[in-house]
Amino acid sequence: MEKSAILGALMVQDRLIRLNIQMLEGILKEIKADVEEIGILAEACFSEEEQKKYKEAVLKVEADLNIRSYRPYIRHI
């Protein structure tokens with residue numbers, strides 16, 4: 001292949017990867033917004049003990065999401 005064809009293919013792949021990253025970041029933002037909305041509902045509907053259990057579960061899930069969403073960046077640094 002010519003160098004220009006290889007460069008063109010790499011540029012297309014780069015754009016696709018960037019698009020996928022942007023889409024995944026958007027999905028992560030939507031998940032975080034949903035968790036916040038559910039938290040408001042939990043405060044309104046759950047007893048104090050149920051709220052405590054809910055918050056503990058959410059903290060574990062959020063920690064897992066944060067670790068997984070930043071893990072690829074950590075490997076390359």
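## Charged and nonpolar patches on a two-helix chain

Helix H1, residues 3-45, supplies the largest share of the negative patch, with four residues. The patch as a whole lies on the surface and is formed by Glu30, Asp34, Glu36, Glu37 and Glu62. Glutamate 37, one of its members, is found in helix H1. Please keep in mind as you look around that this is a predicted model.

Let's step back to the whole chain. Its secondary structure comes to two helices and zero strands. How much of the protein chain counts as buried? Of its 77 residues, 8% do. The accessible surface comes to about 7200 Å², and carbon and sulfur atoms account for 62% of that area.

Now to the charge pairs. In general, side chains of opposite charge can pair when their charged atoms come close. How many salt bridges does the count come to? The answer is two, and they are set out here.

| Salt bridge | Closest N and O atoms |
|---|---|
| Arginine 18 with aspartate 14 | 3.0 Å |
| Glutamate 49 with lysine 53 | 3.6 Å |

Take the pair in helix H1 to begin with. Arginine 18 and aspartate 14 are four residues apart in that helix, so about one helical turn separates them. Arginine 18 is exposed, at a relative accessible area of 52%, while aspartate 14 is partly exposed, at 34%.

The other pair belongs to helix H2, which covers residues 48-76. Because glutamate 49 and lysine 53 are four residues apart in this helix, they too are separated by about one helical turn. Glutamate 49 counts as exposed, with a relative accessibility of 55%. Lysine 53 also counts as exposed, with a relative accessibility of 52%.

There is a nonpolar patch to find on the surface as well. Which residues form this nonpolar patch? They are Val12, Leu16, Leu19 and Met23, and together they have about 350 Å² of accessible area. Leucine 19 has its place in helix H1. Is leucine 19 buried or exposed? With a relative accessible area of 42%, leucine 19 falls in between and is partly exposed. Patch residues need over 30% relative accessible area, so leucine 19, at 42%, passes that cut-off.

To retrace the tour, helix H1 carries four residues of the negative patch, the bridge between arginine 18 and aspartate 14, and leucine 19 of the nonpolar patch. Helix H2, for its part, holds the bridge between glutamate 49 and lysine 53.

Definitions and conventions: Residues numbered from 1 in each chain as written. Predicted model: local features only at pLDDT ≥ 70, side-chain atom pairs only at ≥ 80, totals over all residues. Heavy atoms only, no water. Patch = residues over 30% accessible without salt bridge, like charges linked within 9 Å, V, L, I, M, F, W, Y side chains within 5 Å. Areas by Shrake-Rupley, 256 points an atom, 1.4 Å probe, with all protein chains shown as cover. Salt bridge = Lys/Arg side-chain N within 4 Å of Asp/Glu carboxyl O. Lys, Arg positive; Asp, Glu negative; His and termini not counted. Charge placed at Lys NZ, Arg CZ, Asp CG, Glu CD. Buried < 20%, exposed > 50% of the residue type's maximum accessible area, 1.4 Å probe, protein only.
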